Structure formats: structure tokens, C-alpha cells
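Here is a short report on helix packing and two buried polar side chains. The sequence and the model come first.

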Amino acid sequence: MLKLLNMPTEVYPSDAAPASDRPAQPLRAGIIGLGFIGEVHARAIRAAGGVVSVVADATLELATAGGNRVSAQRIAHDAEELITSEDVDVVHICAPNHLHLPLARKALEAGKHVVCEKPLATALPDAHELVEAAAAAGVVATVPFVYRFYPTVREARARVADGEAGDVRVVHGSYLQDWLSTAEDQNWRVDPLLGGASRTFADIGVHWCDLVEFTTGHRIVALAARLLTAISRRGQDTQVSAVDTEDAASLIFETDGGAIGSLVVSQVSPGRKNRLWFSLDAANTSMAFDQESPETLWVGRRGDNSVVRRGGAASSAEAMRYTLLPAGHPQGYQDCFNAFVADTYSAVRGHKPEGLPTFADGLRAALITRAVLDSAASRGWVEVPS
Ligand code: SOE
């Protein structure tokens, strides 16, 4: 104890340290939109060492309530004020889809780094514009395709990349939810003016496509899709309106790596909460991932099948990079989000984290969504530009 008290002050030369040895100042985030996903962003910002500096929402009342929930330092009068604020380094856009383009455009014009929720834009030319604007601004611009950050997804990716799995031949799966499964269920995403022409595919199908393209390294080059609007009118009492967007979609596709595949997406599957499931059936092994049980990867072989646990001794370096806790201490969705924001902020600091989903990936999702809509309209196969 005495020794500690007598410790010479040079041991802690914090003031004398050269600037480069001092910890970097925390990045200051501004969040626009404080629904479920805005709050997920807020937790991830803090986990990444950032601060929730300013928040904005559709009204000052909403912003104040949301700002209190996430303990923001300050409430902006509106989104525009937040974007041009001095105390914001990174703008997180969590507002409804039709606002992504104008808000991201303004944030890029202001020279801010941007995290924009998917879909990046509701129309393909707008997604192109944002990719170009981000490149011209020279800032970091990312889209939260966060399922990439499950260690078991990285494990599957590593096993494809190092050849252990063999050539991927068949890719199949589904992404199913039930939160819009009754006629009383209503949400702004149902309205094409707010959510865009595609609802279920643009909201969750794009996650699945991003994930399988990311893990296999293949690109979907052609597809044939069908859309279903199972519930033609939604709402309650006097607030009932006709539905113009799809409740479900199915597609078959081909990849540039010579694989074929199929996907079913739905927001009207009772009991399925957020069931993103895929199987990559390759020459040596099949690998299946289930987002609702993300701690394991099923590995099928001609001989014995096995279940690979996150954090196990045989885990790849890529999976270990996102392993925070010892096996048996479950990691989940928020951890993926935290890792995504941490990698985005690391990119802001000049690093190049591998596998970070950028606006280019948001554009890729918009291209596939366009192809799905075109195919459903023509009832034929459509090529997907690479
Ligand atoms: C709602 O469908 C939603 O929150 C999506 O918008 C997310 O992207 C998905 O991860 C979970 O479901």
C-alpha cells in the first residue's frame, strides 16, 4: 500500500504522452429515428466506444422520448440540424425507407460518415447515386447487413474459402417472420410510398441474399421470382387500407460459381419470429445456419454429421475474431450489431476491417430487389447485373 502511494509520478505520464499515444477521442454519433432498430444502434455505438451525441426523430416529442430512452447527450430539433451539427461524426439513419436517400445524401454532402439502414434506397438509381456520392465524399458509408457478424457464419465462410467444404453446388433456405401475419397487423413498411415497391423481399430477403453471397463468394446472376400478397387489406376499425406490397416471395436462382438455389421469404408465417436459415451444400460438406440458434453450425458429411459450436477448438481465425465470450455463454443479434458498428468505426479510424458491408452492398441488394420485382412482373427469368 505504502509502495503504491509512493509511486513516482513518471509512472503515469499521461500529460506528457505524445498525441499519437493518447487514446483517440470517442466518435460522436447522431441517430435519426429511435424505433426498435435505432435503440439497437445506440447500444452498439456505446459498445464500440462511441457516444450517442445527438438524436432526431419525426417530431420533437418523439426525439425527446427516444433521446431519454437511449440517454442521448442532446436532442436535435430535426434531422437536418443533426446532420449539420459540429458534434456529430457519424450519422446513423434509422428512419423509414423513403427517407434514406434524402438523409444519406445530406449527410454525405455535410462530409459525415454514414450508417444507413437497409434498403439503402427504395429505387435502384437512388442506390447508385448514394454509392457514387459516398465515394466522392471519401467517407465511410455502411449498411447493417449484420448477420455477417455471427461467428458461425464466419466459420462457414472460412470453410468455403479454404476449400475444406469443396465447391458449393446448391444453396437454399428461407427467412420467415410472423409479425404481419394477421389482417390487423399494420406497419409503415406496408405502404410502398414509405417502404418501397418491395416489402418482404427488400426488408428481409436482401439479408438472406447478402449472407449467402458473403459466405459462398458466389454472386446470384439470374433468378425467377413469384410474389404473394396474402392479406389484401390491413388495419383496424376505420384505418383499413389496401395492400400493394408482397407478404411473401419465393425464388429460384443460379450463381456465377455454378450453383443453383432457392429461397422463400415471408412475413406471414405464424410462429416464425426471425427464422433466417440457409444451407450451403458443397462437394465435401453441407453447412446449415439458423439465426434463431446461432451458436452452432450444422455440418453434414457423407459419413457422420456434426454440430460445430462457436468458440470450439477447431474454430477458424475468422470466427474467433467475432468470438467475445467462451463457448456456452451465448452471443446473439446485438453482439452482431455491436461488431458491425465497431468495424464501421474502425474503418472511420482508417483501418480496413474485412467483410464490412458498405453502400456497394446496399446497391447490390437494390439490384437483386429490382430483379425480383421484374421477374415477378414478367413471370420469367431475369439476369442480375454483377
Ligand atoms: C423487421 O422486419 C426487421 O426488423 C428487419 O427490418 C431487420 O432488418 C431484420 O433483421 C429483423 O426484422
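Leaving aside its neighbours within four places in sequence, which residues is Val348 in contact with? They are Leu27, His113 and Val140, where contact means heavy atoms within 4.5 Å.

## Basis of the model

This is a predicted model, in which local features need pLDDT of at least 70, side-chain atom pairs count only at pLDDT 80 or more, and totals for chains, interfaces and linings use all residues. Residues are numbered from 1 along each chain as its sequence is written, and side-chain values use heavy atoms, with hydrogens and water left out.

## Helix H11

Val348 lies in helix H11. Helices (DSSP runs of H or I, at least four residues) and strands (E, at least two) are numbered from the N terminus. Val348 and Glu292 are 56 residues apart in sequence, and their C-alpha atoms are 31 Å apart in space.

H11 covers residues 333-348. Its 16 residues should span 22 Å at 1.5 Å a residue, and the end C-alpha atoms are 23 Å apart, which agrees. The expected span is 1.5 Å times one less than the number of residues. Just after H11, Gly350 takes a positive phi of about 100 degrees.

The buried residues of H11 (under 20% relative accessible area, 1.4 Å probe, protein chains only) are Cys336, Phe337, Asn338, Ala339, Phe340, Val341, Asp343, Thr344, Tyr345 and Ala347. Their cover includes strands S1 (28-32), S4 (90-93), S5 (113-116) and S6 (141-142), along with helices H2 (36-47) and H10 (317-321).

## H2 against H11

The axes of H2 and H11 are 8 Å apart and pack at an angle of about 60 degrees. Axes are lines fitted to C-alpha atoms, for helices over the stretch in contact, with angles from 0 to 180 degrees between N-to-C directions. The pair is therefore oblique; angles under 35 degrees count as roughly parallel, over 145 as roughly antiparallel, 65 to 115 as roughly perpendicular and the rest as oblique. From H2, the contact uses Phe36, Ile37, Val40, His41, Arg43, Ala44, Ile45 and Ala47. From H11, Tyr333, Gln334, Phe337, Asn338, Val341 and Tyr345 take part.

## H5, H6 and H12

In helix H5 (residues 100-109), the residues His100, Leu101, Leu103, Ala104, Ala107 and Leu108 are buried. They pack against S1, helix H4 (79-83), S4, S5, H6 and H12. Gly111, just after H5, takes a positive phi of about 75 degrees.

The axes of H6 (residues 124-137) and H12 (residues 359-378) come within 9 Å and cross at roughly 165 degrees. H6 and H12 are therefore roughly antiparallel. Leu124, Ala127, His128, Leu130, Val131 and Ala134 of H6 meet Phe359, Ala360, Leu363, Ala366, Leu367 and Arg370 of H12.

## Two buried polar side chains

Lys118 lies in the loop between S5 and H6. Its relative accessible area is 10%, so Lys118 is buried. The side chain of Lys118 reaches the backbone oxygen of Asp203 at 2.8 Å. Beyond four places in sequence, Lys118 contacts residues including Asn97, His100, Phe145 and His207.

Gln177 sits in the loop between strand S7 (168-176) and helix H8 (192-195). Gln177 counts as buried because its relative accessibility is 7%. The side chains of Gln177 and Asn274 share a polar contact of 2.8 Å. Such a contact is a pair of N or O atoms within 3.5 Å; within protein, one must be able to donate a hydrogen and the other to accept it, and residues adjacent in sequence count only if both atoms are side-chain atoms. Gln177 also touches Asp203, the residue whose backbone oxygen Lys118 reaches.

Key:
Buried < 20%, exposed > 50% of the residue type's maximum accessible area, 1.4 Å probe, protein only.
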